[in-house]
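Trainee: Could you take a close look at the metal site and talk me through how it is put together?

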Amino acid sequence: MKTITQYCWLMLLTATLAGTANAGIIHDEGASGDLSDNNLAPTALAIAPGSNIVTGSTTASPLDRDIFSITIAAGQELVAILLDTYNASDDQSFFAVAAGNTVSSLVSLPALLGNALIGATAGAMEGDDVLDDLGALTFAGSTGFSGALGPGTYTFWLQETTVGIPGYALDFQVRGGGEIPLPATVWLLLPALLMLRRARPTALTSSR
Ligand SMILES: [Ca+2]
Ligand SMILES: [Ca+2]
């Protein structure tokens, strides 16, 4: 049998996990407008430790490129990019990353740190992490990388030249630099938990 205190710790853990699942939308094209088409002037997006979701759409004709930059601060790293939503029909899309706050060329693979075709191949489909695919390079000639991306500015470029992407969501998961703040529920539970710990083991221990 669990003691009341153990139940409280369980509630605390559940509340904490619920808090870490909170997603933060850092750009929604439906509300904030189309992401930049200009590789030399990307939309700069602010990120925070935890979940950073970019959601939008592209068209093939006229071609809508979505180009945006993020900056990973000292002590932080980009550990995953989850392709949360990808609504393009039976096709895959070009996704690339360049080091720095521009993509210096849209026609030169060496200008890129990584590149991938996402949306239709195993491991790079809806629900998958596509950061590793960027590093592994669908098209050789870029730099490539493995593992997380450390401190620095990175520019991402998404486009789909065949059918467009009616809806996508990419979740940039950042670790470090303070992590995710504890949810308010934890602070509400904490005084009760401390009182219960003080009261043990006489009155509040249900059984041993
Ligand atoms: Ca767009
Ligand atoms: Ca755009």
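**The paired calcium site**

Mentor: Glu-29 is buried, at 11% relative accessibility, where buried means under 20% relative accessible area, exposed over 50% and partly exposed in between (1.4 Å probe, protein chains only). This is a predicted model, in which local features need pLDDT of at least 70 and side-chain atom pairs count only at pLDDT 80 or more, while totals for chains, interfaces and linings use all residues; side-chain values use heavy atoms, with hydrogens and water left out. Residues are numbered from 1 along each chain as its sequence is written, and chains are lettered from A and ligands numbered from 1 in the order in which they are written.

The calcium ion (ligand 1) has as its protein donors Glu-29 (OE), Glu-29 (OE), Asp-34 (OD), Ser-57 (O), Asp-64 (OD), Asp-66 (OD) and Asp-66 (OD), at 2.3 to 2.6 Å; donors are N, O and S atoms within 2.8 Å of the metal (3.2 Å for Na, K and Ca), and sites may look incomplete because water is not among the atoms. Along the chain these donors follow the spacing E-x4-D-x22-S-x6-D-x1-D.

Asp-34, which is partly exposed with a relative accessible area of 43%, bridges this ion and the calcium ion (ligand 2), the two lying 3.8 Å apart. For the calcium ion (ligand 2), the protein donors are Asp-34 (OD), Asp-34 (OD), Leu-35 (O), Asp-37 (OD), Asp-64 (OD), Arg-65 (O) and Asp-66 (OD), lying 2.2 to 2.7 Å from it. Leu-35 lies in the loop between α2 (29–32) and β2 (43–44) and Asp-64 in the loop between β3 (50–58) and β4 (66–72), so the pair ties together parts that are 29 residues apart in sequence; helices (H or I, at least four residues) and strands (E, at least two) are DSSP runs, numbered from the N terminus. Leu-35 is buried at a relative accessible area of 1%, and Asp-64 is buried at 9%.
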